[in-house]
Amino acid sequence: MRTKFKPWTIPYLQQHNDIAISIDNFDDFVFKDCIYLEIGCGKGDFICQMALKFPDIQFIGVEKNITCAGISAKKIVDQKIKNAFIIAEDVEKLFPLLKKESIDGILLNFSDPWPKKRHTKRRLTDTRFIDNYYSIIKKGGILNFKTDNRDLFDFSVKTFSKSKFSVLKIDENYSGDDYFDAKSEYETNFRNQGLIIYKLYLKKE
């Protein structure tokens, strides 16, 4: 279900430009030594939990849905989290701004499955995205992917297996107990429904 547009989110993001990073002012942003991107951060539950759990890591959530981005930013502000930020933009506009091998890891949680065949290139695990991920991730960096959608999972296993990434683990019934992880609002909902969660673990050697 698509999130209903909430008009307050646009001025909220503008008012909290210390949390909401603008593409136009991206060069002014100060990066820390350890940076993880969550691409498609939804309403922010995952990134907030991870930032609180790992205060020495800088987490940046990329979300093109302006309402979800605003909701995420509000959660960060309300919880007074200092190491989480939001970019309300399509990730493809961000790739050219990121230096090669500058990111420690990428986290993909319950991405849009784009089920129609003509839309497969829009999937965040399509080859054109994977090539960009590989370029910006540091050597030794990781990429973790979770989904409840079996077709998207199978597709992703194939695309990543053909990429330069090393596939460390394919988990077809992820229990949710990894230390370096948290539950998004989608995962909580899917688990309450008894749905199976799939997870891929990848590394740039």
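In helix H3, the residues Thr67, Cys68, Ala69, Gly70, Ile71, Ser72, Ala73 and Ile76 are buried (under 20% relative accessible area with a 1.4 Å probe, protein chains only). The model is predicted, with local features needing pLDDT of at least 70 and side-chain atom pairs pLDDT 80 or more, while totals for chains, interfaces and linings use all residues. Residues are numbered from 1 along each chain as its sequence is written, and side-chain values use heavy atoms, without hydrogens or water.

H3 (residues 66-78) has 13 residues and reaches 18 Å from its first C-alpha to its last, close to the 18 Å expected at 1.5 Å a residue. Its buried residues pack against H1, helix H2 (45-53) and strand S3 (84-87). At the N-terminal end, asparagine 65 caps H3 through a side-chain oxygen 3.0 Å from the backbone nitrogen of threonine 67, and lysine 80, with a positive phi near 55 degrees, follows the helix.

Two pockets are compared below; a pocket is an open set of points on a 1 Å grid, with protein on both sides within 12 Å along at least five of seven lines, and lining residues have an atom within 4 Å of a point.

| Pocket | Volume | Nonpolar | Polar | Charged |
|---|---|---|---|---|
| Largest | About 920 Å³ | 12 residues | nine residues | 11 residues |
| Second largest | About 360 Å³ | nine residues | four residues | two residues |

Of the 32 residues lining the largest pocket, Arg2, Glu63, Phe110, Ser111 and Asp112 lie nearest its centre, and H7 gives the most to this lining, with four residues. For the second largest pocket, helix H1 (residues 9-15) gives the most to the lining, with three residues.

Technical notes:
1 Å grid on protein atoms, 1.4 Å probe; cavity = no way out; pocket = protein on both sides within 12 Å on 5 of 7 lines; lining within 4 Å. Points joined across faces, edges and corners; volume = space filled by probe spheres on them. Helix = DSSP H or I, 4+ residues; strand = E, 2+ residues; numbered from the N terminus. Nonpolar A, V, L, I, M, F, W, Y, C, P; charged D, E, K, R; others polar. Expected span 1.5 Å × (residues − 1). Buried < 20%, exposed > 50% of the residue type's maximum accessible area, 1.4 Å probe, protein only. Contact = heavy atoms within 4.5 Å. Polar contact = N/O pair within 3.5 Å; in protein donor to acceptor, adjacent residues only side chain to side chain.
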